[in-house]
Amino acid sequence: MFTRLKTFFSSLIGGHHQGEGMSDEEILAEFKKRYHNFRLLLTANKKTLMIMSEMEQALRGASVFGMSFVRSQATAASVNVYRIVKHLSEIAPGKYDALFERLKDIQAQIAAVLDRQPQTAATELVLPLEAVDRAHADQVGSKMANLGDIMARVGLPVPPGFAVTALAYSRFMRDTGLGDEINRLIQAVGADDHATLLPLCSQIQQMIQNAKLPPDVAEAILKAYLELEARTEPDVRVSMRSSALGEDAMGQSFAGQFRSVLGVSAEELLIAYKEIVASKYSPQAVTYRMAKGIPNEDVAMCVGCMAMVKARSGGVIYSRNPLSIRDDEIFIHSAWGLAKTVVDGAVASDLFVARRGDPPRLTEQRIACKDRVYLCDPVEGVCRHEEAGEAACAPSLTDEEALRLASMAIRLDEVYAEPLDIEWAMDQERNIFLLQCRPLQQIEAGRAKRPPGQFGKPLAAGGVTGSPGVAAGTVHVVARDLDMLTFPEGGVVLAADAAPRWATLLSRASALVCERGSVAGHLSNVAREFGVPALMGMEGAVAALSGKGEVTVDADGLAVYPGRVESLLALAPKRETPQAQSPMHAILREVLDIVAPLNLLDPSVPEFSPENCLTLHDITRFCHEKSVTEMFRFGQDFQFSKRASKQLKYRVPMKWWFVNLDDGFTREITGKYVTMEEIACEPVLSLWEGFVAVPWAGPPPVDAAGLLHIVAHSTVNRNLTHGGDSEYAQGNYFMISRHYMCLSSRFGYHFCTVEALVDEREHENYVSFQFKGGAAEQGRRALRAKFVGEVLENYNFRVEIQGDEMRAVYAKGPMDLMLDRLRVIGYLLMHTRQIDMVMTNEAMVEGFRQKFAKDIGDILRQAAERHMTEVMREMA
Amino acid sequence: MSTCSVLLVDDEAEFIETLAKRLTRRGLKVHLAFSGQEALDFLAANEADVAVLDVKMPGMDGIEALQKIKALKPGLEVLMLTAHANVEVAMRGMELGAFDYLMKPVELEELLCKIQDANKKKCLQQ
């Protein structure tokens, strides 16, 4: 025995072969160092589990997160696991070095996922529109790809132009270092809070606008313009629009997210380009991506550049009804001047409805008073709203023109075999040009006929359905950007203009009411996408609804009622929860698959080794287990008087052994035994209180099948048989200091650990309880894990269950609350023994549930009373 | 714990000046350096227990500074603090002997605990 110890000793101390010559003081110093490493290991361990749990919550939950979250969590997890391995190697030098290699492999896998930049397929910096078709969507964005396709394949008129590709964008971001710098800002400042979002966005946008384009990118854009000029007219003005990669994909409309600049001259070309790239970081675009889970990196900003149409009128065509899947009529929205007034919701628009057929026929026309026109001066290039004058209330299209537009829509709808949303402009010579064409998301509106007075008297009525549904919330008027900061979660957005920038609020809003706008505007588009009921074009809404508190918006019935109208809300179709499978979720899932799965469960099998650590969680688990073993061994094997393990004597010697890490005993213990009175570790004292508070009634009566399983199981698992030679068979081993305890216990049939740190660093305090196994078959063991988890959840533990393994943690809290949690665990240690046997008996389970609740309630009450008495005594 | 002396190294002057004030109020002795080179110059002439080092600085970056600091003062514990989350850089720093790699924004309490832990480690190593 002595030889074995000596060998072991030397292996621990490394070069010190005179180890047995070390004085008690030297051993104590060594022990203290290792204990500090052990403490740090535990802190890092806890931090790692917390990070993994946060990542898993993000994946499951509806909360929004971006790439900076995934990156910083993955980095923090890697760092903490590195620390765990490092501290273990300080506790047991050289013994677990293989872990460093495993960790390197795993980290390389994580880095590979995070560094995977979307590779652009583009090889050119700019491409002329004629050279582009749908197959180029990953080079020039789908907006420009679709336009090129319409021109080349369908033969419909599109203004001449070119696209600045994804390659130009990625060169701009990379060569200037902007990409890295933006990531840094988003991580350091955080984009999830509205108050920080606005300044953050303006800072990033400014950085982009101030940056210098790589010379060859600038040159390519200017050269493309010169070629366009040669084909059109001298000094031709152009429109520049975003054509972001990933737009329209996966049902993401990005409607109105990004900037368009109209009437751009040659001199302003590069400034306008940067302005559009910068609009990727407009507040509404950033919140939209967060809400939809689209990584910033995935949105390469391509920019389309087309000769301006000197528009007489313009607008939007829906090739089918966006609010009714069964309705295949064509909806043409039109206003004077450029289409911008229609999509921005700035003025009312004319509506022409046409029925399909050869030729199509007009079935309906509603002419609105279009008081303003949006025009660009062909010489000055300046664009602005002007008074429409006497033409305001006249139709902005003739019937013949409306039908021509309808025919174009039918043609495109047939070619692409899907409903489309088409933006168009008609010049002074009545030539029609298509400016944009994208898939139309159709949804089914609950076309409601509400009998008058059924829901009381509305505060306001009228308008059109922008997005269907019924919802209630508190009215909040938005007129300026500042108003967005005070917008309450679940509020009703009330605005005069249907400006696209209000889209920022839609992920948090219950409903939307606008005085202007139509179903064709960007804002309606985004509202439909988020499933937020929207009432558009409701005249006088701001005056009628301001300050009215909670209202119920009936977007189907075109009315707003005071208060919550439950009977009306009950009619609303259930709002779908945000999709849990966004691209961002997919990346997080991929990272988590390298981080979180736990493959090493049973420490007693040979497979529990560094080579089998496949994930960060495996390494964490392995190191925790080994660190406890190593610390315990150090305390036990070095037979110097102060550190050896002591057996607990409570009436008789019990199978509880204690290793004093630091200041866990009230005095120096010289004999073999220690009593509870001599233990200074507060967590243990509380655990013990719970443990002995109520006598155990003995194992529950077991049915025949359960018993059979114990017999079979006991013969194969050595840990379960008495006198088995597994390392610490049949014992409960505590490592303690005044404020810390770690119990690892292989109770007859299951394995459990209780760990607690309760001291003055309140935010580092925690109590954790894990257990696994049992004697019954897997099904009942899993049921017990679930049952115990439920009990612990009642005391606010955070519980995770995998099969028959349960992990419960209660973190951060003042001492008395932490100690109460230990009392609960003490009670459960005593009383959950072998109840896995009866887990399929619902009546008995319910009996246990009630008994546990009552007993634990009593224990906590008594502890609180005792505490009060002590306080009173001290005060007296 | 005897007064722990901390060297904060970051080119964002405003950030570390504020941090220095808050740490001083908590009883730490704080020195400032606005670049890796400044930090090395300071350490050549003075002692410190713990350094808090930014990773991305113009001129000498944090990783290079870490290497040089560790060569000069092997006993000094170094905390990396950065707004760039990067797994590879973090691992490189840890392998070069950084005590920890923290990401901005960091809570003062957490940073304080890390400094204490690092300082205690340094004391135990002596």
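**Figure 1. A:Arg589 and its salt-bridge partner in helix H18.** With a relative accessible area of 36%, A:Arg589 counts as partly exposed, because that label covers everything between buried (under 20% relative accessible area) and exposed (over 50%), using a 1.4 Å probe and protein chains only. A:Asp593 is partly exposed too, at 43%. Both residues sit in helix H18 of chain A (residues 583-595), four residues apart, or about one turn of the helix. Helices here are DSSP runs of H or I with at least four residues, strands are runs of E with at least two, and both are numbered from the N terminus. An α-helix has 3.6 residues a turn, so residues three or four places apart point the same way. A:Asp593 and A:Arg589 form a salt bridge, with their closest N and O atoms 3.4 Å apart. To earn that name, a side-chain nitrogen of Lys or Arg must be within 4 Å of a carboxyl oxygen of Asp or Glu.

This is a predicted model, so keep the ground rules in mind: local features need pLDDT of at least 70, side-chain atom pairs count only at pLDDT 80 or more, and totals for chains, interfaces and linings use all residues. Residues are numbered from 1 along each chain as its sequence is written, chains are lettered from A and ligands numbered from 1 in the order in which they are written, and side-chain values use heavy atoms, leaving out hydrogens and water.

**Figure 2. Two more salt bridges in chain A.** A:Asp344 pairs up with A:Lys340, and the closest N and O atoms are 2.7 Å apart. A:Asp344 counts as buried because its relative accessibility is 19%, while A:Lys340, at 29%, counts as partly exposed. In the other pair, the side chains of A:Arg384 and A:Glu386 meet at 4.0 Å, N to O. A:Arg384 has a relative accessible area of 46%, so it is partly exposed. A:Glu386 is partly exposed as well, at 34%. Over all chains, the salt-bridge count comes to 60.

**Figure 3. A:Lys274, a buried lysine in helix H10.** You'll find A:Lys274 in helix H10 of chain A, residues 269-278. What is the nearest side chain of opposite charge to A:Lys274? It's A:Glu275, 9.7 Å away, and A:Lys274 is buried yet has no salt bridge. For charges, Lys and Arg count as positive and Asp and Glu as negative, with His and the chain ends not counted. The side chain of A:Lys274 does reach the backbone oxygen of A:Gln209, at 3.2 Å. Leaving aside neighbours within four places in sequence, A:Lys274 is in contact (heavy atoms within 4.5 Å) with residues including A:Phe172, A:Ile208 and A:Leu213.

**Figure 4. A:Ile332 and its surroundings.** This isoleucine belongs to strand S7 of chain A, residues 330-336. A:Ile332 has 0% relative accessibility, so it counts as buried. Not counting residues up to four places away in sequence, A:Ile332 touches several others, among them A:Val316, A:Leu351, A:Phe352 and A:Trp424. A:Asp350 is also in contact with A:Ile332; these two are 18 residues apart along the chain, with their C-alpha atoms separated by 7.9 Å.

**Figure 5. Helix H23, mostly covered.** Helix H23 of chain A covers residues 815-831, 17 residues in total. How many of those 17 are buried? The count is 14. From first C-alpha to last, H23 reaches 25 Å, close to the expected 24 Å, which is 1.5 Å times one less than the number of residues.

Notes
Polar contact = N/O pair within 3.5 Å; in protein donor to acceptor, adjacent residues only side chain to side chain.
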